[in-house]
Amino acid sequence: MLEIRNLVKSYGNGPRAVDGLNLKVETGDIYGFIGHNGAGKTTTLKCISGILPFEAGEIFVDGIDIKRDPMAAKRIMRYIPDNPDLYTFLTGTGYLNFLCDIYGIDEEARRERIQKYAAAFEIESKLGDLVGSYSHGMCQKLALIGALIQQPKLLMLDEPFVGLDPKAAHTLKGIMHELVENGSAIFFSTHVLEVAEKLCNKIAIIKDGRLIAAGPMDAVRGDNSLEDLFLELTDA
Ligand code: ATP
């Protein structure tokens, strides 16, 4: 579903924020992406989603080269940043309908999906309110619903659990499982290693822009806890 080959990205004349990164995410994967602050996780996610240009490497989403056909790739993937910027002057419903218009989701599907995910995240009663009046967690829920209604083949999330209350975090984990069971793949960054350990079937660890471990959780972790492995690898 996602293949990254030798990705290189620098900001201006600075050092490489991502330095020769190779990674494969397959259908059905819940793939965790971990690394210390400044390791290059957000930069990688932004390169995949087409927000940032990159100087070298190739990225394929479901076989589509994102440089050659960015529109086709964007039709099947969604990226939710850690602090999503929403249109504060729209109501929640207005925002979701706007996204449905962009992604060409028909009336019946949009009604059904908005209802399903708004109920799951318990914000149905707030959808008529202006987004500008939402709390941080409510904005996150709305951004997630906005991505989920597209049923993307590839869903990328930057720190999705930060700011969500425990019930919403639990709901999101269930939805992530449901999405991959229906043929999607999820690639997300997190600092919460306990969540990664329980939720992900695969894990990648990035340090100073380079992948230092990647693959199935059990193979990468071995007999260690993920925390021990992370500390060992990133301290070296
Ligand atoms: P965190 O866990 O703190 O979110 P991260 O792994 O997502 O970190 P990135 O945000 O990708 O890390 O940053 C990777 C490197 O790129 C860091 O050295 C950072 O300082 C640098 N960087 C990120 N954004 C910019 C920018 N807009 N301009 C210049 N340098 C940047």
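In the predicted model, the buried residues of helix 6 are Ala-168, Ala-169, Thr-171, Leu-172, Ile-175, Met-176, Leu-179 and Val-180. Seen down the axis of helix 6, these buried residues fall within an arc of 165°, so they line one face of the helix. An α-helix has 3.6 residues a turn, so residues three or four places apart point the same way. On the other side of helix 6, the exposed residues are Pro-166, Lys-167, His-170 and Glu-181. The cover over the buried residues of helix 6 includes three other helices and three strands, namely helix 4 (107-120), helix 5 (136-148), helix 7 (193-199), strand 3 (30-35), strand 7 (154-158) and strand 8 (185-189).

Helix 6 comprises 16 residues, 166-181, and its first and last C-alpha atoms lie 23 Å apart, close to the 22 Å expected at 1.5 Å a residue. At the start of this helix, a side-chain oxygen of Asp-165 comes to within 3.0 Å of the backbone nitrogen of Lys-167, and just after the helix Gly-183 adopts a positive phi of about 100°. Asp-165 is also among the residues touched by Lys-141, together with Phe-121, Ile-123, Leu-164 and Ala-168, when residues up to four places away in sequence are not counted. Lys-141 itself lies in helix 5 and, with a relative accessible area of 10%, is buried; one of its contacts, Ala-168, belongs to the buried residues of helix 6.

Helix 4, which contributes to the cover of helix 6, has 14 residues that should span 20 Å at 1.5 Å a residue, and its end C-alpha atoms are 20 Å apart, which agrees. Its buried residues are Ala-109, Arg-110, Ile-114, Tyr-117 and Ala-118, and these fall within an arc of 135° when viewed down the axis of helix 4, so that they line one face of the helix. The face turned away from this buried side carries the exposed residues Glu-108, Arg-111 and Glu-112. Among the elements that cover the buried residues of helix 4 are helix 3 (92-102), helix 5 and helix 6. At the start of helix 4, a side-chain oxygen of Asp-106 reaches to within 3.2 Å of the backbone nitrogen of Glu-108, whereas the helix is followed by Glu-122, which has a positive phi near 55°.

The ligand is surrounded by Tyr-11, Ala-17, His-36, Asn-37, Gly-38, Ala-39, Gly-40, Lys-41, Thr-42, Thr-43 and His-191. Helix 1 (residues 41-49) gives the most to this shell, with 3 residues. Oxygen atoms of the ligand take part in several polar pairs: one lies 2.9 Å from an N or O atom in the side chain of Asn-37, one lies 2.8 Å from a backbone N or O atom of Gly-38, and one lies 2.5 Å from a polar side-chain atom of Thr-43. The protein covers 55% of the 630 Å² of accessible area that the ligand has on its own.

Helix 1 also contains Ser-49, which is buried, with a relative accessible area of 12%. Leaving aside neighbours within four places in sequence, Ser-49 is in contact with Lys-74, Met-77, Tyr-79 and Met-156. Of these partners, Met-156 falls within the range of strand 7 (154-158), which helps to cover the buried residues of helix 6.

Two aspartates in loops have positive phi values. Asp-62, in the loop between strand 4 (56-61) and strand 5 (64-65), has a phi near 50°, a positive value in a residue other than glycine, and at 36% relative accessibility it counts as partly exposed. Asp-208 is placed in the loop between strand 9 (202-207) and strand 10 (210-216); its phi is likewise positive, near 50°, and its relative accessible area of 49% makes it partly exposed.

A further aspartate, Asp-218, is found in helix 8 (residues 217-221) and is exposed, with a relative accessible area of 56%. The side chains of Asp-218 and Arg-221 are joined by a polar contact of 2.7 Å. Asp-218 and Lys-202 are separated by 16 residues in sequence, while their C-alpha atoms are 8.2 Å apart in space.

Note on methods:
Residues are numbered from 1 along each chain as its sequence is written. This is a predicted model: local features need pLDDT of at least 70, side-chain atom pairs count only at pLDDT 80 or more; totals for chains, interfaces and linings use all residues. Side-chain values use heavy atoms; hydrogens and water are left out. Helices (H or I, at least four residues) and strands (E, at least two) are DSSP runs, numbered from the N terminus. The expected span of a helix is 1.5 Å times one less than its number of residues. Buried means under 20% relative accessible area, exposed over 50%, partly exposed in between (1.4 Å probe, protein chains only). The arc is that of the directions from the helix axis to the C-beta atoms. Contact means heavy atoms within 4.5 Å. A polar contact is a pair of N or O atoms within 3.5 Å; within protein, one must be able to donate a hydrogen and the other to accept it, and residues adjacent in sequence count only if both atoms are side-chain atoms. A residue is near a molecule or strand if one of its heavy atoms lies within 4 Å of it. Accessible areas come from the Shrake-Rupley method with a 1.4 Å probe; for residues, only the protein chains shown count as cover.
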